[in-house]
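Trainee: Could you take me through one part of this model in detail, please? I would like to see how its pieces fit with their surroundings.

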Amino acid sequence: MDSTNTPPAAAPRKRSRSLAHDLVTELTQRILLGKLGPGDKLPSESEIVREQGVSRTVVREALSKLQASGLVETRHGIGTFVLERKPQTALGLNVETALGMRDILELRLGLESQAVALAARRRTEEQLAAMRQALDDYQDALAGARSCVEADRRFHLLIAEATGNPYFGEIMRHLGEALIPRNRIDSGAQGGKELARLGYLANLEHEAILQAIRRQDPDAARAAMWTHLSNSRERFAPDE
């Protein structure tokens with residue numbers, strides 16, 4: 001048979017579960033950024049299907065995840081509505097499982113990649129110095145076999161604040177303990193030496209982010225943040 005007549009292979013389709021994750025991230029960002037406020041009704045299933053080009057199964061799975069996170073509630077026969085957020089619950093986002101951490105990191109990929117690009121353009125020398133101090137504290141904590149979660153969280157929050165847009169910082173503070181995956185990992189089960197190794201790898205990525213911010217290079221900063229959070233997803237939240 002003439003190979004020239006062989007039809008090209010079809011591009012692999014995304015799994016419905018992956019599509020649902022993407023949709024959860026999209027809708028969550030709308031809620032966190034205030035595009036959908038408390039009491040607002042989400043678009044209907046049919047509208048979301050048309051808007052996003054996904055199946056009803058994907059939409060229902062995504063809405064179910066949003067309900068489980070406490071962001072929305074579905075009133076049968078009426079629709080799905082955004083719930084009032086309570087800051088002390090850190091948005092009620094559940095990160096007790098690897099899947100929960102994976103969801104948080106997917107959300108952060110979009111949020112922080114944009115934040116760091118803005119921070120690279122807008123940061124002040126004082127903010128840059130505070131980021132440097134956070135990474136120095138991180139390194140000291142690692143060297144002393146102490147938890148580096150606080151310094152890690154502070155570094156990412158300082159980037160959000162350097163955007164000059166208060167909503168980035170507000171969202172990061174709402175995420176609370178969910179922000180840093182290591183905070184939810186059993187160090188005994190993971191192994192102290194292995195957890196320390198992962199921490200050192202993460203800090204190398206932090207340094208690349210900081211250098212891009214120092215140079216005021218938004219494209220490099222965005223790429224460095226994307227690499228860091230993608231690697232964090234692999235390190236701390238294995239694939240399904």
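Mentor: Happy to! Keep in mind that this is a predicted model. Let's begin with helix α3, residues 56–68: at 1.5 Å a residue, its 13 residues should span 18 Å, and the end C-alpha atoms are indeed 18 Å apart, so the two values agree. Within α3, the buried residues are Val-58, Val-59, Glu-61, Ala-62, Leu-63, Lys-65 and Leu-66. Just past the helix, Gly-70 adopts a positive phi of about 85°.

Now for the cores. The largest nonpolar core holds 21 residues, and those with the most contacts inside it are Val-116, Met-131, Phe-155, Ile-159, Ile-209 and Ile-213. Two or more residues each come from α4, α5, α6 (149–162), α9 (192–214) and α10 (218–236), with α4 giving the most, five residues. Beyond neighbours up to four places away in sequence, Met-131 touches Phe-155, Leu-158, Ile-159, Ala-162, Leu-210 and Ile-213. Apart from this core lies another, of 17 residues, and Val-59 of our helix is among them, as are Leu-27, Leu-36 and Val-54.

Arg-123 is worth a look too. It sits in the loop between α4 (98–122) and α5 (125–143), and with a relative accessible area of 9%, under the 20% cut-off, Arg-123 counts as buried. A polar atom of the Arg-123 side chain lies 3.2 Å from the backbone oxygen of Ile-213. Leaving aside neighbours within four places in sequence, the contacts of Arg-123 are Leu-128, Ala-162, Ile-213, Arg-214 and Gln-216.

Technical notes:
Residues are numbered from 1 along each chain as its sequence is written. This is a predicted model: local features need pLDDT of at least 70, side-chain atom pairs count only at pLDDT 80 or more; totals for chains, interfaces and linings use all residues. Side-chain values use heavy atoms; hydrogens and water are left out. Helices (H or I, at least four residues) and strands (E, at least two) are DSSP runs, numbered from the N terminus. Buried means under 20% relative accessible area, exposed over 50%, partly exposed in between (1.4 Å probe, protein chains only). A polar contact is a pair of N or O atoms within 3.5 Å; within protein, one must be able to donate a hydrogen and the other to accept it, and residues adjacent in sequence count only if both atoms are side-chain atoms. Contact means heavy atoms within 4.5 Å. The expected span of a helix is 1.5 Å times one less than its number of residues. A nonpolar core is a set of buried Ala, Val, Leu, Ile, Met, Phe, Trp, Tyr and Cys residues joined through side-chain atoms within 4.5 Å.
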